[in-house]
Amino acid sequence: MKQLIFRTATGFLLPLLLLFSVFILLRGHYLPGGGFVGGLIAAIAFVLHAFAFTLKETRKLIKINYRLLIPIGLALAFFSAILPMFKGLPILTGLWVYEPLPVVDMVGSSLLFDTGVYLVVVGVTLTIIFTISESA
Amino acid sequence: MEIILSVIIGLLYSAGIYLMLRRSLIKLVIGLVLLGNGVNLLIFLMGGLVKGRPPIISATAENIGLIYADPVPQALILTAIVISFGLQSFAIVLIKRAYIVVGTDDLDKMHSTEEEDD
Amino acid sequence: MLLAVLSGFIIATITPLAGKLFRSKWSVGLTAVPLALFIYFLSFIPAVSNGQVLLFNYEWVPSMGINFNFLLDGLSLLFALMITGIGALVYLYTSSYMKDDPGLDKFYGYLSLFMSAMLGMVMSDNLFTLFIFWELTSISSFFLIGFDNENKESRKAALISMALTGLGGFFLLAGFAIVANITGTYTISEMMGSGDIFKDHPLYIVIIICFFLAAFTKSAQFPFHFWLPGAMKAPTPVSTYLHSATMVKAGIYLLARFTPLLGDHIYWNNTLMIVGGITMVYAAFHSILKKDLKEILAYSTISALGMLVFLLGLGHAEAFIAMAVFIVVHALYKATLFLITGILDHETGTRDINRLSGLRKVMMPLAIAGFLAVLSNSGIPPSFGFVGKDLIYSATLHSETLAIFITVAAVVTNIFLLYSSFLAGIKPFAGKLPSEYKDVHMPDWRMWVPPLICGIAGIVFGIFPMLAEGSIIRPAVSAIAPEVPEFHLQLWHGFNTVLGLSAITIIVGILLYVIFKPNDRHNAWMNKFESFSPKSIAAGVNKLFMKFAVTWTNLLQNGYLRIYVLTVISFLTILLAYKAFTVSSLDINLTKISALTSAEVAVMVILIVSVLYAVYSPSRLAAIAAMGVIGYCICLVFIFYSAPDLAMTQFTIDTLTVILFLLVMYRLPKYVLYTNKLIRIRDAIISLIFGTLITLLALEVHHEPTNKETTRFYAENSYALAKGKNIVNVILVDFRGMDTMIEIIVLSISALGVFALLKLQLNEFDREI
């Protein structure tokens with residue numbers, strides 16, 4: 001019975017939490033939040049799902065290998081860092097699209113960087129937790 | 001408040017060190033976590049305690065007001081928290097692996113395993 | 001010029017990559033490098049002999065005053081020609097001598113490394129580049145001595161030489177630092193104008209002690225000479241190149257280079273004279289007692305180096321001329337003898353002087369080369385050595401102090417050297433050919449041509465001394481001495497005291513050779529004194545040092561983690577306590593303290609209780625729960641004091657940490673009390689004292705006015721420059737983006753570590769345990 005409530009709740013919580021984590025990531029530049037927190041929240045959502053169902057189910061849900069998120073995130077962050085160099089600016093200079101969007105407000109290379117951080121954090125956390133629980 | 005916080009920092013340090021001096025591996029890691037918390041709080045305290053003024057520029061303004069919490073230690077601690085998670089998970093796994101290989105979590109026994117074969 | 005100096009480094013990088021090519025017969029092609037350099041340096045002779053000093057500047061670390069400043073004057077050119085010239089011969093020789101060695105490419109790599117380092121050293125005009133090249137010669141020498149790395153003796157000899165020359169290197173750096181501090185420049189040529197500021201400086205003695213230690217260890221002067229015979233474990237081309245012709249003369253070069261600055265002082269001259277004098281007599285005496293060819297040559301090399309130092313110590317222009325000539329003479333004949341020794345060893349398999357004889361019948365060209373080298377070594381006309389010896393005698397005779405005494409010392413040394421050169425260069429070829437060597441045949445031309453060239457050069461310079469005089473010797477001397485008197489190198493000076501001394505040397509030396517034969521008895525007799533020798537003393541010091549290190553390590557690094565922690569914490573506690581009691585003036589400014597609310601008090605109480613619970617709980621689960629509670633409480637503290645980002649991060653991380661602990665926990669044993677009560681009380685006291693001190697520190701820090709400049713910069717520019725309003729986030733992703741970049745890399749590494757630790761299969765070894 002307990003399990004049932006937990007599972008049902010998790011089923012709703014997972015998309016909500018993921019959405020929330022992306023929201024947190026996007027607004028990070030203007031309000032509390034950012035890549036680190038966003039990534040952690042997303043990771044917690046998946047961990048919760050793994051507890052409610054099984055690790056196997058969660059794996060199936062994520063579809064891609066979550067370990068791949070680490071190199072992808074690193075590459076994204078690195079790419080955003082060297083992006084200004086193509087325009088002859090020093091590394092890590094912020095580049096901006098001058099048209100504010102809702103929630104995100106202005107979009108710039110630092111958002112790309114933060115997204116990279118987000119992906120790395122998700123990848124790292126899931127790798128650690130899942131590896132441990134698998135072999136526990 | 002600062003006084004109480006200072007005392008708590010001291011307490012966290014003491015507890016952390018005391019646990020690190022134990023022979024049990026698991027206590028050592030808990031001690032490490034407590035010590036890390038103490039350090040974070042100490043850095044936080046150094047930046048000064050400000051109530052209700054997060055280092056965020058309000059949506060309408062271009063500039064932050066005169067009184068605001070120091071963002072530098074905050075950024076520092078945020079990094080430290082995340083990194084310490086990496087460190088702790090690695091430490092925990094190391095313990096586990098060591099326990100599987102050696103069969104004990106007594107640090108003193110681990111010390112003697114490398115010379116066991118001669 | 002930069003390319004010329006660094007070419008060896010380039011070759012050293014290429015050879016291991018192109019390994020296979022240089023291991024084959026193509027290795028001989030590498031000879032082109034030193035040969036080209038030799039010709040390149042020859043082209044500077046006209047300019048340099050006109051008294052020009054060529055400077056080449058390349059910036060390296062301009063902000064620290066470290067540049068590739070190269071200087072080419074007579075002294076540098078003399079050494080450069082020697083390095084490249086002998087280098088070319090040695091390269092050629094090696095290609096045949098080591099042709100079957102699987103590490104030939106590596107060997108050429110080290111050799112090229114050495115050649116470049118040596119070239120760089122003699123041409124450096126900057127103190128620090130000089131030092132770096134100096135150390136590089138030591139390092140390449142280490143690799144070359146230990147080239148036969150499966151032989152224990154080789155490794156030991158390499159280590160000894162490294163330790164000694166490294167020690168000298170430290171002193172050199174110290175000496176350079178002081179010199180640079182006094183003159184305010186790192187450039188040697190700029191210093192040269194600074195006159196006598198050193199000689200009256202209170203630190204003069206310290207400086208020259210540093211320089212002496214560096215030069216004496218490098219050039220194997222008594223009592224640091226013992227590494228050189230050991231270094232003969234290296235393959236013969238190395239002994240030829242590094243340990244007789246070039247590297248060991250680095251110390252001589254250093255002393256000569258700095259003679260205009262530091263020399264002409266009673267301490268300088270007398271020390272050099274005494275140390276050089278002792279070395280030359282002591283080593284020459286040793287050389288006649290040995291029966292291994294290489295050992296004989298090693299000791300005679302030490303003796304020759306002593307002679308050079310001694311001549312520098314005499315300190316007048318005539319002595320400098322003699323020194324410059326003797327450097328060339330020695331390089332030529334010693335290279336010849338070493339190369340011959342290598343061939344004999346290679347072809348007959350022995351270096352025992354008593355077993356070798358009559359080989360002229362099978363190796364005529366070698367016998368000629370040996371004979372020519374001996375002529376030069378013994379100072380028999382018409383060799384260049386005769387010119388050198390005449391100069392040495394006339395320099396000692398014209399010395400202002402103790403002329404008779406030092407002349408006798410020089411004569412005695414030369415008699416012994418003559419004897420040992422006869423042993424090395426004539427003995428193996430004279431007499432009857434033993435039947436076991438009937439089948440010995442000439443080696444490849446690449447091996448016998450180089451010694452022959454060296455030997456012939458020694459005679460050509462002797463017959464036509466003017467070839468060397470104006471081109472090299474005079475410019476070299478003028479780099480050392482303030483003014484050079486008119487002089488002409490010549491074979492024939494007429495009948496005078498000097499000629500008489502030469503005659504005495506030759507006659508007594510030959511008599512000695514006829515009468516005295518080296519055998520094991522002498523060696524045994526010498527070994528009695530072994531326990532007093534500098535080598536044994538150094539070994540003793542080394543042993544004591546090791547003992548001390550072991551005791552010390554066992555005391556502090558005993559493998560118990562908590563003892564390390566205890567040591568570190570105790571030390572910190574003492575330090576902090578000392579500061580707290582001497583400096584701190586604990587007056588707490590109550591006005592700066594913010595007020596308490598009931599919610600805060602509640603959080604604090606929970607925090608304190610859970611900390612105590614985490615420490616004292618007998619259950620693992622409870623301890624972990626308490627740890628989680630502590631994390632959440634800290635999260636609340638962050639909320640109270642305007643750190644929403646921190647609160648969110650702390651909350652999520654804390655959750656994950658607790659999950660992590662719980663996942664692993666069930667696989668770990670239950671809490672067991674390992675220690676007794678007494679130790680627990682001791683640890684409790686130490687940690688409480690430490691905690692109290694941290695509390696005091698926290699209070700103290702809080703009442704110091706803090707510098708908020710950085711904060712203000714970030715706060716003001718956050719929106720203006722980075723278009724962000726959450727300053728913490730802007731710092732993370734923009735202002736300090738590089739740090740965050742590195743942080744996520746670290747995180748990835750830790751994840752990799754976790755994955756590797758758990759997923760990789762336990763190997764066999766682990767399973768057995």
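## A buried aspartate at the C–B contact

C:Asp683 is buried, with a relative accessible area of 1%. In this predicted model, the residue takes part in two salt bridges. One joins C:Asp683 to B:Arg22, with the closest N and O atoms 2.9 Å apart. The other is formed with C:Arg682, at an N to O distance of 3.1 Å. C:Arg682 is partly exposed, at a relative accessible area of 37%. Together, B:Arg22, C:Arg682 and C:Asp683 are linked in a network of salt bridges.

## The interface of chain C and chain B

Across the interface of chain C and chain B there are 2 salt bridges, and 11 residue pairs are in polar contact, counting pairs with both residues at pLDDT 80 or more. On the side of chain C that touches chain B, the elements giving two or more residues are helices H25 (561–582), H26 (598–616), H27 (620–640), H28 (644–665), H29 (677–702), H30 (709–722), H31 (727–735) and H32 (737–759) of chain C. The largest share of that side comes from H29(C), with 14 residues. By residue class, the side of chain C that touches chain B divides into 61 nonpolar, 21 polar and 13 charged residues.

The contact takes 95 residues from chain C and 86 residues from chain B. Between them, chain C and chain B bury about 8700 Å², and 75% of this area is on carbon and sulfur atoms. A loop residue also touches chain B: C:Ala595 lies in the loop between H25 and H26 of chain C. Leaving aside neighbours within four places in sequence, C:Ala595 is in contact with B:Met1, B:Lys51 and C:Glu600. C:Ala595 is nevertheless exposed, with a relative accessible area of 56%.

## The interface of chain B and chain A

Chain B also meets chain A, in a contact that takes 7 residues from chain B and 9 residues from chain A. About 710 Å² is buried between chain B and chain A, 84% of it on carbon and sulfur atoms. The side of chain B that touches chain A divides into 5 nonpolar residues, 1 polar and 1 charged.

Across the interface of chain B and chain A there are 0 salt bridges. The number of residue pairs in polar contact there, with both residues at pLDDT 80 or more, is also 0.

## Chain C: fold and selected residues

Chain C has 33 helices and 2 strands. Of the 769 residues in chain C, 57% are buried. Among the contacts in chain C with a separation of 6 or more, 77% are between residues 24 or more positions apart.

C:Ser138 is found in helix H7 (residues 127–145) of chain C and is buried, with a relative accessible area of 4%. The side chain of C:Ser138 makes a polar contact of 2.8 Å with the side chain of C:Lys218. Not counting residues up to four places away in sequence, C:Ser138 touches C:Met162, C:Thr165 and C:Lys218. Elsewhere in chain C, a salt bridge joins C:Asp444 and C:Arg446, whose closest N and O atoms are 2.8 Å apart. C:Asp444 is partly exposed, at 31% relative accessible area, whereas C:Arg446 is buried, at 15%.

## Chain A: fold and a helical salt bridge

Chain A comes to 5 helices and 2 strands, and from the N terminus on the elements run α-α-α-α-β-β-α. Buried residues make up 50% of the 136 residues in chain A. Residues 24 or more positions apart account for 65% of the contacts in chain A with a separation of 6 or more.

A:Lys60 forms a salt bridge with A:Glu57, the closest N and O atoms being 4.0 Å apart. The two residues are 3 residues apart in helix H3 (residues 55–62) of chain A, so about one helical turn separates A:Lys60 and A:Glu57. A:Lys60 is exposed, at 60% relative accessibility, and A:Glu57 is partly exposed, at 37%.

## Totals and cysteines

Over all chains, the structure holds 10 salt bridges and 0 disulfides. C:Cys635 is in no disulfide, and the nearest cysteine sulfur, that of C:Cys633, is 9.2 Å away. A disulfide needs the sulfur atoms within 2.5 Å. C:Cys635 counts as buried at 7% relative accessibility. C:Cys454 is buried too, with a relative accessible area of 3%.

Methods
Residues are numbered from 1 along each chain as its sequence is written. Chains are lettered from A and ligands numbered from 1 in the order in which they are written. This is a predicted model: local features need pLDDT of at least 70, side-chain atom pairs count only at pLDDT 80 or more; totals for chains, interfaces and linings use all residues. Side-chain values use heavy atoms; hydrogens and water are left out. Contact means heavy atoms within 4.5 Å. Buried area is the accessible area (1.4 Å probe) that two parts lose on being put together, summed over both. A salt bridge is a side-chain nitrogen of Lys or Arg within 4 Å of a carboxyl oxygen of Asp or Glu. A polar contact is a pair of N or O atoms within 3.5 Å; within protein, one must be able to donate a hydrogen and the other to accept it, and residues adjacent in sequence count only if both atoms are side-chain atoms. Ala, Val, Leu, Ile, Met, Phe, Trp, Tyr, Cys and Pro count as nonpolar, Asp, Glu, Lys and Arg as charged, and the others, Gly among them, as polar. Buried means under 20% relative accessible area, exposed over 50%, partly exposed in between (1.4 Å probe, protein chains only). Helices (H or I, at least four residues) and strands (E, at least two) are DSSP runs, numbered from the N terminus.
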